[in-house]
Amino acid sequence: MSKQTGRRHVAGLTAWDRCAVMGVVNVTPDSFSDGGRWFDTTAAIKHGLDLVAQGADLVDVGGESTRPGATRVDGDEELRRVVPVVRGLASEGVTVSVDTMRATVAEQALAAGAALVNDVSGGLADPGMLPVVADAGAPFVVMHWRGFLEGGNVRGAYDDVVTEVVDELHARVEAVRDAGVAADRIVVDPGLGFSKDAEHDLALLARLDRLLGLGHPLLVAASRKRFLGRVLAGPQGAPPPARERDAATAAVSALAAQAGAWAVRVHEVRATADAVRVARAIEGARTAHQGVEAAR
């Protein structure tokens, strides 16, 4: 944990003194956010390097869309999409996260140079995932997940979304630890947009302190998601397209950084990279002022 900020760090990764920025590279033809612009391997690698140049601290590479209604891609096809991009970026010194629910993809991506496994199912989709991660000693993102979203089924019924998500994440983290993944390599993610409506996402963002109370670094992945479109549209308006939600994403990034998130996952990096650095500067100024006050 940083003495300056109180922000928890992930064993095996760089210890940033501020909220880290995770840039997204979707190697898919049907991403909700970028419509397959980086489906070609060469284009995907170049995009990942561009994100680093714009301020990304690590790059999350995924080959399967998890948008509501998406059909799962074949495992061999996911490998074909993901592994060459991971290898290409890692060979350039990029810290790479692999976004996958499949153990075989995680295993081969780690062998190709990935440093982190980001599984939106938290290891529930593939029983082979946790043994692979534990054997590799890799950091692992445990996201709150209630099942696949094929057919648009969001299963978003909650009496108290914050309490239920925290409790379900706690139980999942315990299972991940029991499977052999070290506690200091576990990251938690509330799963914004997964089995959640806009009001659920906003409630979770309002209580990031409860998620941080789980005692693990926190990843916030709000970028371009539906709830931002709903907020921007207002009660009667039509939500703007995904790529017109980047300013709103940067606002969430600043708030998440201020709250103590370990990292934010975003598609458009530059504005969020600026936002987290401003949040860190304000945090430093607050600490300095408190020191002056204490010395009086």
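**Helix packing, backbone angles and a surface patch in a predicted model**

Reader: In this predicted model, how are helices H3 and H4 oriented to each other, parallel or antiparallel?

Author: Two packed helices are described by the angle between their axes and the distance between the axes. Helix H3 (residues 103–111) and helix H4 (residues 129–136) pack with their axes 8 Å apart, at an angle of about 20°. Angles under 35 degrees count as roughly parallel, so H3 and H4 are roughly parallel.

Reader: Which hand does the crossing of H3 and H4 have, left or right?

Author: The pair in question is helix H3 (residues 103–111) with helix H4 (residues 129–136). Their crossing is right-handed.

Reader: Is Ser195 buried or exposed?

Author: Ser195 is placed in the loop between strand E6 (186–189) and H6. Its phi is near 55°, a positive value in a residue other than glycine. Buried means under 20% relative accessible area; the relative accessibility of Ser195 is 1%, so Ser195 counts as buried.

Reader: What is the phi of Arg224?

Author: Most residues other than glycine have a negative phi. Arg224 belongs to the loop between strand E7 (219–220) and helix H8 (226–233), and it counts as buried at 7% relative accessibility. Although Arg224 is not a glycine, its phi is positive, at about 60°.

Reader: Which residues form a nonpolar patch on the surface with Leu202?

Author: Leu202 lies in helix H6 (residues 198–206). With a relative accessible area of 39%, Leu202 is partly exposed. The patch has about 250 Å² of accessible area together, and the residues that form it with Leu202 are Val231 and Leu232.

Notes: Residues numbered from 1 in each chain as written. Predicted model: local features only at pLDDT ≥ 70, side-chain atom pairs only at ≥ 80, totals over all residues. Heavy atoms only, no water. Patch = residues over 30% accessible without salt bridge, like charges linked within 9 Å, V, L, I, M, F, W, Y side chains within 5 Å. Areas by Shrake-Rupley, 256 points an atom, 1.4 Å probe, with all protein chains shown as cover. Salt bridge = Lys/Arg side-chain N within 4 Å of Asp/Glu carboxyl O. Helix = DSSP H or I, 4+ residues; strand = E, 2+ residues; numbered from the N terminus. Buried < 20%, exposed > 50% of the residue type's maximum accessible area, 1.4 Å probe, protein only. Axes fitted to C-alpha atoms, helices over the stretch in contact; angles between N-to-C directions. Parallel < 35°, antiparallel > 145°, perpendicular 65-115°, else oblique. Left-handed = near helix turned anticlockwise from the far one by under 90°.
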